[in-house]
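Student: Could you take me through one part of this model up close? I'd like to look at the second largest pocket, and then at how the rest of the chain is put together around that view.

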Amino acid sequence: MKRFLLLLSMAMLLFLSCERANDGGNFATETKSRLTAFTEMPSRTTLGSDYSVLWSQNDQIAVLGTMNDGSNGDIAIYTLVEGAGSNKGVFEGELPATFDLYSAFYPLNMYETATMSGQFLLLLPTENAIFTERGFVDGANPMYGCGTKDSGLKLQNLCGIVEFQIKGKGTISTIVIEAENQPISGYFLVQGGEPTLYGVNGYEQYSTIAATVSPAIELSESTARSLYAILPPATYSNLTISTIDTEGNTTTRTASNSIVVARSHITRVSEFTHTADNGGGGGGSSNVEDPQEKPNIDW
């Protein structure tokens, strides 16, 4: 019932005729075919020293096949069979190789539904998310793209990345991010071949993310430890981060200037110290550069 209301809501919102494509029998059951999928940098589970991005073994994507006239829409799950450890992966699934266009979404754990017109609904977690040091866990960073059987699928990142650098004492087990009156989790829509997120009328969005740090990281007073947060592209005012250690000590700090998060870019914030007390911040300015030229954000 919920998905029926979703599709009705999207039809009214976007003036498009939609149909469900992911409930049970609507998944394709043809003989297996293969599609090549490319990522852009920076992206998903693995971040090397040069910010290279890599597919991981058993990665899965949702693939929608359509004809140029919009007919014969089918969706299937494709699994990585070649290319683990590179940004070029070969995925295998059960769509015929006769579709004119293929649209794809990664990761499956954020995938909610898709429509014949090429819209994908996703859910960015507001709680029970997972952060890890120096990279992403599987299924952390959403991507979307289109292509043909010959050209392959060129997946693009839907979000940006904020790198938090934390010093101090204790072992950090939880991080809570809060954005003032701006959605950073909940339901989003992507459509039309463009890597742009939209809200969906009638479906919840939230201004917080509560994430478990896995594995928990022991802080150092001399060397900062980096953790990465995936956020929708936006300019964030008064972005707040709370670090919670295994002893229950919490430090809350709010950025003193706006943080600009751009799609497929990494924004690095100034180091801050975790203590048992709340902290403040100084001044500064923000802009988004390439990963090798990451700006500071003051706290």
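Tutor: Here is the pocket, followed by a loop residue, the cores, another loop and the confidence scores.

Keep in mind that this is a predicted model. The second largest pocket has a volume of about 160 Å³. Its lining is made up of 15 residues, and Thr 66, Leu 101, Ser 103, Ser 117 and Gly 118 are the ones nearest the centre. Three strands each give at least two residues to that lining: E4 (60-66), E7 (101-106) and E11 (143-148). Sorted by class, the lining comes out as 6 nonpolar, 8 polar and 1 charged residues.

Now pick up Ser 71, which sits in the loop between E4 and strand E5 (74-82). Leaving out neighbours within four places in sequence, Ser 71 is in contact with Thr 66 and Met 116. Thr 66 is one of the residues nearest the pocket centre, and so is Ser 117. Ser 71 and Ser 117 are 46 residues apart in sequence, yet their C-alpha atoms are 9.1 Å apart in space. Is Ser 71 buried or partly exposed? Ser 71 counts as partly exposed because its relative accessibility is 21%, and the cut-off for buried is under 20%.

Let's move on to the nonpolar cores. The largest one has 26 residues, and Phe 164, Ile 175, Ile 177 and Leu 231 have the most contacts inside it. Strands E10 (127-131), E13 (160-168), E14 (171-178), E17, E18 and E22 (259-261) each put at least two residues into this core. The largest share, 4 residues, comes from E17. There is also a second, separate core of 20 residues, with Leu 122, Leu 158, Phe 188 and Val 190 among its members.

Leu 231 is worth a stop of its own. Setting aside residues up to four places away in sequence, Leu 231 touches Cys 159, Gly 160, Val 162, Ile 184, Ile 209, Tyr 236, Leu 239 and Val 261.

The loop between strand E17 (208-218) and strand E18 (225-231) is where you'll find Thr 223. Both of those strands feed the largest core. Thr 223 itself counts as partly exposed, because its relative accessibility is 47% and exposed would need over 50%. Residues up to four places away aside, Thr 223 touches Ile 166 and Lys 167. Thr 223 and Gly 168 are 55 residues apart along the chain, with 8.8 Å between their C-alpha atoms.

Stepping back to the whole protein, you have 1 helix and 24 strands. Of the 299 residues, 48% are buried. Among contacts with a separation of 6 or more, 73% join residues 24 or more positions apart.

Finally, a word on confidence. The average pLDDT is 78, and 74% of the residues score at least 70. By element, strand E6 (residues 88-93) has the highest mean, 95, while helix H1 (residues 2-14) has the lowest, 40. Two stretches stay under 50: residues 1-30 and residues 278-299. Beyond four places in sequence, the model has 63 contacts for residues 1-30 and 70 for residues 278-299.

Conventions
Residues are numbered from 1 along each chain as its sequence is written. This is a predicted model: local features need pLDDT of at least 70, side-chain atom pairs count only at pLDDT 80 or more; totals for chains, interfaces and linings use all residues. Side-chain values use heavy atoms; hydrogens and water are left out. On a 1 Å grid over the protein atoms alone, a cavity is a set of points where a 1.4 Å probe fits but cannot get out, and a pocket is an open set with protein on both sides within 12 Å along at least five of seven lines; lining residues have an atom within 4 Å of a point. Grid points are joined across faces, edges and corners, and a volume is the space filled by probe spheres set on the points. Ala, Val, Leu, Ile, Met, Phe, Trp, Tyr, Cys and Pro count as nonpolar, Asp, Glu, Lys and Arg as charged, and the others, Gly among them, as polar. Buried means under 20% relative accessible area, exposed over 50%, partly exposed in between (1.4 Å probe, protein chains only). Contact means heavy atoms within 4.5 Å. A nonpolar core is a set of buried Ala, Val, Leu, Ile, Met, Phe, Trp, Tyr and Cys residues joined through side-chain atoms within 4.5 Å. pLDDT is the predictor's confidence in each residue, from 0 to 100.
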